[in-house]
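Me: I am new to this structure and would like a close look at a single part. Please take the metal site and the charged pairs around the chain, and go through them step by step.

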Amino acid sequence: MHEMAITQSMFDLVLEHAKRAEATRVERINLVIGEMTGVVGDCIQFYLDFLSKGTVVEGAQLTVTMVPTRTRCRDCNRTFELKPFDWTCPDCDGKSLDVIAGSELFVESIEVE
Ligand SMILES: [Zn+2]
C-alpha cells in the first residue's frame with residue numbers, strides 16, 4: 001500500500017510537468033529511491049502502469065537510482081554505509097548514528113516527447 005500512495009503523488013507530479021511542457025508523451029521517469037525507504041521500484045512501475053492508462057504517461061519507463069543508506073557516527077564523526085540491521089559504528093562501536101543518505105524519494109527528471 002505504501003508504494004500505491006507514493007506512485008499516486010509521483011504520477012500527479014509527472015502529469016503536471018508533462019502538461020506544462022505540453023508533452024504528447026512521457027517516455028521516461030527518473031526516480032531516486034533511498035534504500036532506507038524500503039520502496040521497491042518494480043512496485044512503482046506496476047502501479048504506474050495502472051494509473052497512467054489513457055494519459056500521456058501511459059507506457060512511460062521507470063529508471064530507478066537506488067541510494068544506499070549512509071550514516072555518520074556522532075561519537076567519532078566517521079561516515080559509512082549502513083549494513084542492514086546493524087546500527088553500530090565500525091570504528092568505535094558507537095550507537096548514536098545520524099542518517100545522512102538513504103531516505104531520499106523523489107523524481108529527478110522526466111523525459112517527454
Ligand atoms: Zn564511531
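Reply: What follows describes the metal site and then some of the salt bridges.

The model is a predicted one. In it, a zinc ion is held by four cysteine sulfur atoms, namely the SG atoms of Cys73, Cys76, Cys89 and Cys92, at 2.3 to 2.4 Å. The angles among these four donor atoms run from 104 to 117°, and the site is tetrahedral. A site with four donors counts as tetrahedral if all angles lie between 85 and 135 degrees. Along the chain, the donors of the zinc ion are spaced as C-x2-C-x12-C-x2-C. Two of the donors, Cys76 and Cys89, link distant parts of the chain: Cys76 is in the loop between S3 and S4, Cys89 is in the loop between S4 and S5, and 13 residues separate them. Their exposure can be stated as well. Cys89 is buried, because its relative accessibility is 1% and buried means under 20%. Cys76, with a relative accessible area of 34%, is partly exposed.

A salt bridge also joins these two loops. The side chains of Asp91 and Arg78 meet in it, with 2.6 Å from N to O. Asp91 lies in the loop between strand S4 (79-81) and strand S5 (97-101), while Arg78 lies in the loop between strand S3 (70-73) and S4, and the two are 13 residues apart. Asp91 has a relative accessible area of 51% and is therefore exposed, the cut-off being over 50%. Arg78, at 34%, is partly exposed.

The structure holds five salt bridges, and two others can be described here. One is between Glu111 and Arg28, whose closest N and O atoms are 3.9 Å apart. This pair links distant parts of the chain, with Glu111 in strand S6 (residues 105-112) and Arg28 in strand S1 (residues 26-34), 83 residues apart. Both residues are partly exposed: Glu111 has a relative accessible area of 36%, and Arg28 has 31%.

The other is between Arg20 and Glu16, with the closest N and O atoms 2.6 Å apart. Arg20 and Glu16 are in helix H1 (residues 2-20), and because they are four residues apart there, about one helical turn separates them. Arg20 is exposed at 59% relative accessibility, whereas Glu16 is partly exposed at 45%.

Definitions and conventions
Residues numbered from 1 in each chain as written. Predicted model: local features only at pLDDT ≥ 70, side-chain atom pairs only at ≥ 80, totals over all residues. Heavy atoms only, no water. Salt bridge = Lys/Arg side-chain N within 4 Å of Asp/Glu carboxyl O. Buried < 20%, exposed > 50% of the residue type's maximum accessible area, 1.4 Å probe, protein only. Donors = N, O, S within 2.8 Å, 3.2 Å for Na, K, Ca; no water. Tetrahedral: all angles 85-135°; square planar, octahedral: opposite > 155°, others 65-115°.
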